[in-house]
Each structure stands twice: as structure tokens, then as C-alpha cells.
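Me: I would like to learn how to read a fold from its strands and helices. Please take me through this one step by step.

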Amino acid sequence: MNSPTPDALLGPADVRELAGALGVRPTKQRGQNFVIDANTVRRIVRTAGVRDDDVVVEVGPGLGSLTLALLEAADRVVAVEIDDVLAGALPATIAARMPARADRFALVHCDAMHVDELPGPAPTALVANLPYNVAVPVLLHMLDTFPTIERTLVMVQAEVADRLAADPGSKVYGVPSVKANWYADVKRAGSIGRNVFWPAPNVDSGLVSLVRRAEPIKTTASKREVFAVVDAAFAQRRKTLRAALAGWAGSAAAAEVALVAAGVSPQARGESLTVEEFARIAENKAETKTETKTETKESAQP
């Protein structure tokens, strides 16, 4: 691997100079906060466990702070950027600061929520500083769309990090926790201070590590069916599952049948269930429907 020059990464002055030259002002609309500390981006790469044979996809590279650090360590980096100005400038920044690695970099100018393919070899890792306002949907979309992503490390708002990594029974356990756990083993992987960003945000940030499950969750229900149960269960957090799932099942009585069949108390609440339990509930709704149809056909026969 070619060694980068010592000053290849962006420091505070570099970030401001680049932004000034491009006429870029970070916008709240897109949750833009640029990392200005080289030690922080190298720490993120280390924590992500990026290897020299990895193909890393990065969402929201911005001015390229993390991108350059990823190029130091990975075999290839594919960056997905929605902003027209930032997307136009990033290849030149890579070529100027890390010319020996420029051919290992590719840019996709697109909204990450609409990305369904990437150039070159399939990605093996996702490492990103995700804008807080779209962090969870982007993360879930990428994990779903690219099953070859084995390891993920994202920097998100601390509150979002807590939700993603929460265990059943926690006050912040909810839809993001369950859905992320459908794909991966999730854990907090550190905290990031506010002073490493420009502009400095009003909230702290956290790192979340996701290692894709070696084996998918064993269930006859589809992901869509399981996620429908999850959404219904947390739409009315204070209600028991019997009540919360009434709309999903067709009635409270039907919800109770599915819950009992899944081995889950109808008086339980969504925040106490594992993703496997949600999958069992989804399975039993499907079985109830099938049985009802069969019974109707049999009763109609002479």
C-alpha cells in the first residue's frame, strides 16, 4: 500500500479554506457538521476495524475529512454525496491530497436513500458521519440494500446512538433498536466531543458499531411483515401489545391469539420484546389468516 503524505488529512484551517473556496456554508437542513480533527477521523477508522482489503462505502463525505482517512487504510472507498457542490469538489480534493490513492476512490452523486447499486466490487464495510436528521433511515437502507456489508461504524447524534444500541427493557429501546438488530449485533463504540466539528453542534455525538449477523433471524415471516409488527407495537408505546396490535391484527382478540401463539404475554409492551419475539408474532398472524381461509373453504363445502 502506498503511504500517504503526513499532511494528507484535513485540519481546521484546511476545512475552512476548502469551504470558503467553494462558497460552502454548512446547512442545518442537511445536518452538516464537518469534522476538522485528523485524530478523530483516524480513531473512527481504527474503531471500525477497516482492513487493507476492505471496500468501504461512506455516506455524506462532505469535504472529505473521513474519506481521506479511510483511503489510508482501505483498498477502495466509494463515497455517496447528495450535495452538488460537495460532490463536484471531492474528487479534486482526493487527487490533490492523496494522489497515489486517487484511483482507489469513486464518487456516487446521489441521495443515499435512493442508492441501489455502487460501482466496482461489492462493499464490505460502511463507515460514515451520518446527518442526524436522516441517520436511521439511511443506515437501515444501506444494510438492507447491500448485504455484503459485514461491518458498520456510524457517527450519529448521541441520542440516536443510544437508541440504536439499546437493549430490550431500556427506556430508549424502540423501532431503531429492533430494526437495526434485525440485521446486526449493535453496540455503542465510543463518544465524540463537539469541538471536533465545524460548526460545533449543540449535541454530543456517539459511535455505533454494527456487525452483520452470521445467520439471518430464523423466521418464516418476511422482513416487511416483522417490521409492520414493530411499527405497530411502538406507535402506541404505553398500550399493552394486545391493544397496540389491534389494528395490525384486525382486532384486539386477533392480536391476543397471535401473541399467545408466539409465547408473548398480551399484557406485555413493545419495549420488552426482542426482534426474535416480534418475528414470532408476525409468523402467527400469517398462520391465523391461513387457518381462517381454510376453515371458510371447508365450511362452504357440502
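**Reading the sheet and its helices**

Reply: Start with a strand that is largely enclosed by the rest of the structure: six of the eight residues of β9 are buried, so β9 earns that description. Keep in mind that this is a predicted model.

Me: Before the details, how many helices and strands does the protein have?

Reply: The protein has twelve helices and nine strands. Its C-alpha trace spans about 80 × 40 × 30 Å along the principal axes. Of the 302 residues, 48% are buried. Now look at contacts with a separation of 6 or more: 71% of them join residues 24 or more positions apart.

Me: Next, the sheet. What is the order of the seven strands?

Reply: Read across the sheet, strand by strand. The order is β4-β3-β2-β5-β6-β9-β7. The sheet is open, and its pairing is mixed.

Me: Which strands are the edge strands?

Reply: Look for strands that pair on one side only. Here those are β4, residues 105–109, and β7, residues 184–192. As for twist, neighbouring strands are turned by 20 degrees against each other on average, direction ignored.

Me: Back to β9. In what sense do β6 and β9 pair, and over how many bridges?

Reply: Strand β6 covers residues 151–157 and strand β9 covers residues 205–212. They pair in the antiparallel sense, over seven bridges. To fix the register, pick out residues that face each other. V156 stands opposite G206 in β9. L153 has S209 of β9 as its bridge partner.

Me: And over how many bridges do β7 and β9 pair?

Reply: Eight, again in the antiparallel sense. S209 helps here too: K187 stands opposite S209 in β9.

Me: Which helix packs on the sheet and touches β7 and β9?

Reply: That is α7, residues 175–183. Its direction makes about 120 degrees with that of β7.

Me: Now single residues. Is T152 buried or exposed?

Reply: Compare its relative accessibility with the 20% cut-off for burial. T152 is at 5%, so T152 counts as buried. T152 sits in strand β6. Leaving out residues up to four places away in sequence, T152 touches L126, L139, L143, V208, S209 and L210.

Me: Try an edge strand. Is A106 buried or exposed?

Reply: A106 lies in strand β4, which is one of the edge strands. A106 is nevertheless buried, with a relative accessible area of 11%. Its contacts, not counting residues up to four places away in sequence, are R76, V77, V78, A79 and P119. P119 is 13 residues from A106 along the chain, and their C-alpha atoms are separated by 7.4 Å.

Me: On to helix pairs. What describes two packed helices?

Reply: Two values do it: the angle between the axes and the distance between them. Take α5, residues 135–145, with α7. Their axes come within 10 Å and cross at roughly 20 degrees. An angle under 35 degrees counts as roughly parallel, so α5 is roughly parallel to α7. The crossing of α5 and α7 is left-handed.

Me: Which residues make the contact of α5 and α7?

Reply: From α5, the contact uses V136, L140, L143 and D144. From α7, it uses P176, K179, A180 and Y183. By class, there are six nonpolar, no polar and two charged residues. L143 of α5 is also on the contact list of T152.

Me: Now α3 and α4. At what angle do their axes cross?

Reply: Helix α3 covers residues 65–73, and helix α4 covers residues 84–97. Their axes cross at roughly 50 degrees and come within 11 Å. The two helices are therefore oblique to each other. α3 passes α4 in a right-handed crossing.

Me: Which residues of α3 and α4 meet?

Reply: T67, L68 and L71 of α3 meet L90, I94 and R97 of α4. Sorted by class, this contact has four nonpolar, one polar and one charged residues.

Methods: Residues numbered from 1 in each chain as written. Predicted model: local features only at pLDDT ≥ 70, side-chain atom pairs only at ≥ 80, totals over all residues. Heavy atoms only, no water. Axes fitted to C-alpha atoms, helices over the stretch in contact; angles between N-to-C directions. Helix = DSSP H or I, 4+ residues; strand = E, 2+ residues; numbered from the N terminus. Parallel < 35°, antiparallel > 145°, perpendicular 65-115°, else oblique. Left-handed = near helix turned anticlockwise from the far one by under 90°. Contact = heavy atoms within 4.5 Å. Nonpolar A, V, L, I, M, F, W, Y, C, P; charged D, E, K, R; others polar. Pairing = 2+ DSSP bridges. Buried < 20%, exposed > 50% of the residue type's maximum accessible area, 1.4 Å probe, protein only.
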